[in-house]
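The following exercises concern overall dimensions, surface and strand pairing. Please work through each task before reading its solution.

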Amino acid sequence: MRCQRWGRPARLAGVDTERDVEDLIAEAAAAPVDGWGFDWLAGRATEERPPWGYAGLVAKRMAHADAALDVDTGGGEVLAEVPRPPRLLTATEGWPPNVVVARRTLRRVGATVVAVTSDAPLPFRDASFELVVSRHPVRTDWAETARVLRPGGTFLSQQIGAGTMRELSEAMLGPLPPPAQRHPEEAVTAARAAGLTVVDLRRATLRAVFHDVGAVVWFLRKVVWTVPGFTVDRYRPQLLALHHRITTEGPFLAHAQRFLIETTKP
């Protein structure tokens, strides 16, 4: 199993006592969640990587681009690893703490980081980029993506799929209706409506394993759409129940949904 270890090693949950669970929860509640890296989860949780290798695909396309844009760059973690960045490299980010992290991280590749708001148009001229990429965007504005792409340009994106981490969401919220958003087919329809040609679409269901309740708390603080409005105080009973489940039955298993979509502009 190809896993991404979500940085320091930490103990796994062992003794099922109030003191132990409170230590785990307090540690995770105090840990920083800036950026879009998951090193804090090393030794506590794992998630399979999608088989297509998104970072490698981005690096390959960046090596042949003159002007590129990374939308919703997070802390710039993927873009910072590009070995041959384009002459013009720009990134956008909408969460202020991540903007600070991304600007620091992306100095090494000479990228400009632009702070944006999620509901505003992209602050770039028409046909500014021959390559636009985005990993796990909050939402994709397909019309704006098409507008800033040059004719013949490419949009490559790894996106969160429908029902991702549903088991974890239901452990906090109870049974949920079938997911209504983030289906790959919706992305295909929206891309075509914006005048883009879909050249690749791939899907993956990935195992995510949580070894202690602290890993769950930290993950829910960081990946906020899993349980909207999550706080430790609000969900303490569910967290205590999940801690007991992990210590008596073993690690908690959930499944992440991902899809890769690649389009071109005629």
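Accessible areas are obtained by the Shrake-Rupley method with a 1.4 Å probe, and for residues only the protein chains shown count as cover. This is a predicted model, in which local features need pLDDT of at least 70, side-chain atom pairs count only at pLDDT 80 or more, and totals for chains, interfaces and linings use all residues. Residues are numbered from 1 along each chain as its sequence is written, and side-chain values use heavy atoms, with hydrogens and water left out.

**Exercise 1.** State what share of the accessible surface of the protein belongs to carbon and sulfur atoms.

Solution. The accessible surface comes to about 12500 Å². Carbon and sulfur atoms account for 54% of that surface. As for burial (under 20% relative accessible area, 1.4 Å probe, protein chains only), 50% of the 266 residues are buried.

**Exercise 2.** Describe the secondary structure of the protein and determine why it is as compact as a globular protein of its length.

Solution. Eight helices and nine strands are present; these are DSSP runs, of at least four residues (H or I) for helices and at least two (E) for strands, numbered from the N terminus. The radius of gyration of the protein, 19 Å, is close to the 18 Å given by the globule rule for 266 residues, so the protein is as compact as a globular protein of that length. Here the radius is taken over C-alpha atoms, and the rule is 2.2 Å times the number of residues to the power 0.38.

**Exercise 3.** Identify how E8 pairs with E9.

Solution. Pairing requires at least two DSSP bridges between two strands. Strand E8 (residues 197–210) is antiparallel to E9, with 13 bridges. Within this pairing, Ala-204 lies opposite Arg-258 in E9.
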